[in-house]
Amino acid sequence: MGDMGEGTRAVRAGLPEARKYEPALPGPVFAAHYHLPGEPTGPYTYGRDENPTWTLLERAIGELEAPADDAETVVFASGMAAISAVLLSHARAGDTVVLPDDGYQALPLVRQQLEAYGVEVRTAPTGGDAQLSVLDGAKLLWIETPSNPGLDVCDVRRLVEAAHAGGTLVAVDNTLATPLGQRPLELGADFSVASGTKGLTGHGDLLLGYVVCRDAESAARVRRWRKIVGAIPGPMEAWLAHRSLATLHLRTDRQCANALAVAGALTGRSEVTGLRYPGLPDDPSHPVAAAQMHRFGSVLSFTLPDRAHAERFLAGLRLVDDATSFGSVRSSAERRGRWGGDAVPEGFIRFSAGAEDTADLVADLLRALDTASSPPRFS
Ligand SMILES: *Cc1c(COP(=O)(O)O)cnc(C)c1O
């Protein structure tokens, strides 16, 4: 399958060999334990350690993330479970870890935990490959590209080269891109980590995370962390996720096209500032993004004049849910400042393009922008 197109690989990813009377994708296996007479040897002993539904999903994600590598994938209950597993299973007291200072809003909480365990944490912005300047002597470099919610991009190959020269491991949060948008292991990273809650599964109905590890020893640590913390996905979630992968290329293609169309429509609006989408040819990130990404993702961000203007815009949208998260087939948007965690202006909007018809989505966007710019006046 490795030499075939992404759509072909997506629809067949992780499927077992065809057997008469068996479904193409076996149903979820609900088991806390398995029949196990005699010596307790694997693959399936106890439900916290392994599950056949995870095995198929892990194989599928591995085929999409690292088709040419002998990588190992470990699935988790959520993206945060996957992120914490890599950081907390690899960093020890006295080690240094480099994080982005503009990454996912729960990273500062992970930072506090690492520091409580005696790990030194340094941060720098994603843009301009600024993390290069704080790499010296670090055990692990954490990259998030494109970053959430600012949509900055860094040069993964360049950061990996510098990190590896100093013996630093590199993990990339691949949530925004999905494996059809970017394959971090091919860019040299040691780990590709993501929330499967977003574009990977794409229906906004489950939480999931995964870690793809280049190295078997690292994978063993991550797996051991999952065992001791127990942050395991339910079989139903794992099965739903695997089922969703079959349409990943269709969803991603439409959602990326819609994101580009929305970004294009926003370009001409005088009330919009700070528009960021790595797929826009004149976005500052576009040259680096084009060199390392296959698709530019479904998420864009921009700023409206103030909080009230942004709230009027969100209230005026009919096809776009005012909700957090992103990557779903149903478009969503939110005023990110309402959470208080990101360093963004009050009118900052993160917009996630769904799989609606492009013309309908753009018309809804423009209508809501018009309404927000000229609110009804009462006299
Ligand atoms: C959502 C998100 C996470 C966390 O994933 P959960 O599945 O919500 O735990 C991590 N990184 C990024 C970039 C995200 O957008």
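Colleague: Before we look at the ligand, what is a polar contact here?

Modeller: A polar contact is a pair of N or O atoms within 3.5 Å. The model in front of you is predicted. In this model, an oxygen atom of the ligand is 3.0 Å from an N or O atom in the side chain of Asn-148.

Colleague: Which other side chain has an N or O atom 2.8 Å from an oxygen atom of the ligand?

Modeller: That side chain belongs to Ser-195. The backbone takes part as well: a polar atom of the Met-80 backbone is 2.8 Å from an oxygen atom of the ligand.

Colleague: How much of the ligand does the protein bury?

Modeller: The ligand exposes 380 Å² when taken alone, and the protein buries 95% of that.

Colleague: Which helix gives the most to the shell around the ligand?

Modeller: Helix α3, residues 79-90, does so with three residues. By class, the shell holds five nonpolar, six polar and three charged residues.

Colleague: Turning to the backbone, where are the cis peptide bonds at Pro-146 and Pro-149?

Modeller: Pro-146 is in the loop between β4 (140-144) and α5 (156-165), and Pro-149 lies in the loop between β4 and α5 too. The bond from Thr-145 to Pro-146 is cis, with omega near -10°. The bond from Asn-148 to Pro-149 is also cis, with omega near 10°. Most peptide bonds are trans.

Colleague: And Thr-178, is that residue buried or exposed?

Modeller: Thr-178 is buried, because its relative accessibility is 6%, under the 20% limit. Its phi is positive, near 65°, and the residue lies in the loop between β5 (169-173) and β6 (191-195).

Conventions. Residues are numbered from 1 along each chain as its sequence is written. This is a predicted model: local features need pLDDT of at least 70, side-chain atom pairs count only at pLDDT 80 or more; totals for chains, interfaces and linings use all residues. Side-chain values use heavy atoms; hydrogens and water are left out. A polar contact is a pair of N or O atoms within 3.5 Å; within protein, one must be able to donate a hydrogen and the other to accept it, and residues adjacent in sequence count only if both atoms are side-chain atoms. Accessible areas come from the Shrake-Rupley method with a 1.4 Å probe; for residues, only the protein chains shown count as cover. Helices (H or I, at least four residues) and strands (E, at least two) are DSSP runs, numbered from the N terminus. Ala, Val, Leu, Ile, Met, Phe, Trp, Tyr, Cys and Pro count as nonpolar, Asp, Glu, Lys and Arg as charged, and the others, Gly among them, as polar. Buried means under 20% relative accessible area, exposed over 50%, partly exposed in between (1.4 Å probe, protein chains only).
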